[in-house]
Amino acid sequence: SGVRRDWQRLLNARTFGFQNELERLMAQGKGMGFNGENAVVFGDGGTNMPLRGADEPVRHKALDLLGDLYLVGRPVNAHVVAERASHEAHVAFALALRGK
């Protein structure tokens, strides 16, 4: 069905970041799960691997938002528009919806 296909498109979106951020994280001993295939890295020369569609970073952001809204603890029946979205903003929004 169409809904299943939409979920599958979200679920195959890898996390992403920028080369300078990855270098900083690795220097701090973080990002150790990065293996070059599970994340897309954007650098001056493009990406470390082809995107799974031009909208892959956007789909990953949508997946992040859905996961963070799970913190509400109940279904959220709403139309949500996220601009310059981040985990910090998502979590603050989820907690506000919970009344905390």
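Start with the whole protein chain: from the N terminus on, its elements run α-β-α-β-β-α-α. That comes to four helices and three strands. Keep in mind that this is a predicted model.

**Whole chain**

Stay zoomed out for a moment. Along the principal axes, the C-alpha atoms fill a box of roughly 40 × 35 × 25 Å. Colour by burial next. Of the 100 residues in the protein chain, 22% are buried. Now turn to contacts with a separation of 6 or more. Residues 24 or more positions apart account for 53% of them.

**Helix 1 against helix 3**

Select residues 2-11 for helix 1 and add helix 3, which spans residues 56-69. How do the two axes cross? They come within 8 Å of each other, at roughly 100°. An angle from 65 to 115 degrees counts as roughly perpendicular, and helix 1 and helix 3 are therefore roughly perpendicular to each other.

Show side chains at this contact. Helix 1 brings Trp7, Arg9, Leu10 and Leu11. Helix 3 answers with Arg59, Ala62, Leu63 and Leu66. By class, the residues of this contact of helix 1 with helix 3 are six nonpolar, two charged and no polar.

**Helix 3 against helix 4**

Keep helix 3 on screen, drop helix 1, and select residues 87-98 for helix 4. The axes of helix 3 and helix 4 come within 9 Å and cross at roughly 30°. Angles under 35 degrees count as roughly parallel, so helix 3 and helix 4 are roughly parallel to each other. Check the handedness as well: helix 3 passes helix 4 in a right-handed crossing.

Which residues meet here? From helix 3, pick Lys61, Asp64, Leu65, Asp68 and Leu69. From helix 4, pick His87, His90, Val91, Phe93 and Ala94. The contact of helix 3 with helix 4 divides into five nonpolar, two polar and three charged residues.

Look at the spacing of the selected positions along each helix. An α-helix has 3.6 residues a turn, so residues three or four places apart point the same way.

**Helix 4 and its end**

Hide helix 3 and run a distance along helix 4. Its twelve residues reach 16 Å from the first C-alpha to the last. That is close to the 16 Å expected at 1.5 Å a residue.

Last stop: select Gly99. What backbone angle does Gly99 take just after helix 4? Gly99 has a positive phi of about 85°.

Key. Residues numbered from 1 in each chain as written. Predicted model: local features only at pLDDT ≥ 70, side-chain atom pairs only at ≥ 80, totals over all residues. Heavy atoms only, no water. Axes fitted to C-alpha atoms, helices over the stretch in contact; angles between N-to-C directions. Helix = DSSP H or I, 4+ residues; strand = E, 2+ residues; numbered from the N terminus. Parallel < 35°, antiparallel > 145°, perpendicular 65-115°, else oblique. Left-handed = near helix turned anticlockwise from the far one by under 90°. Contact = heavy atoms within 4.5 Å. Nonpolar A, V, L, I, M, F, W, Y, C, P; charged D, E, K, R; others polar. Expected span 1.5 Å × (residues − 1). Buried < 20%, exposed > 50% of the residue type's maximum accessible area, 1.4 Å probe, protein only.
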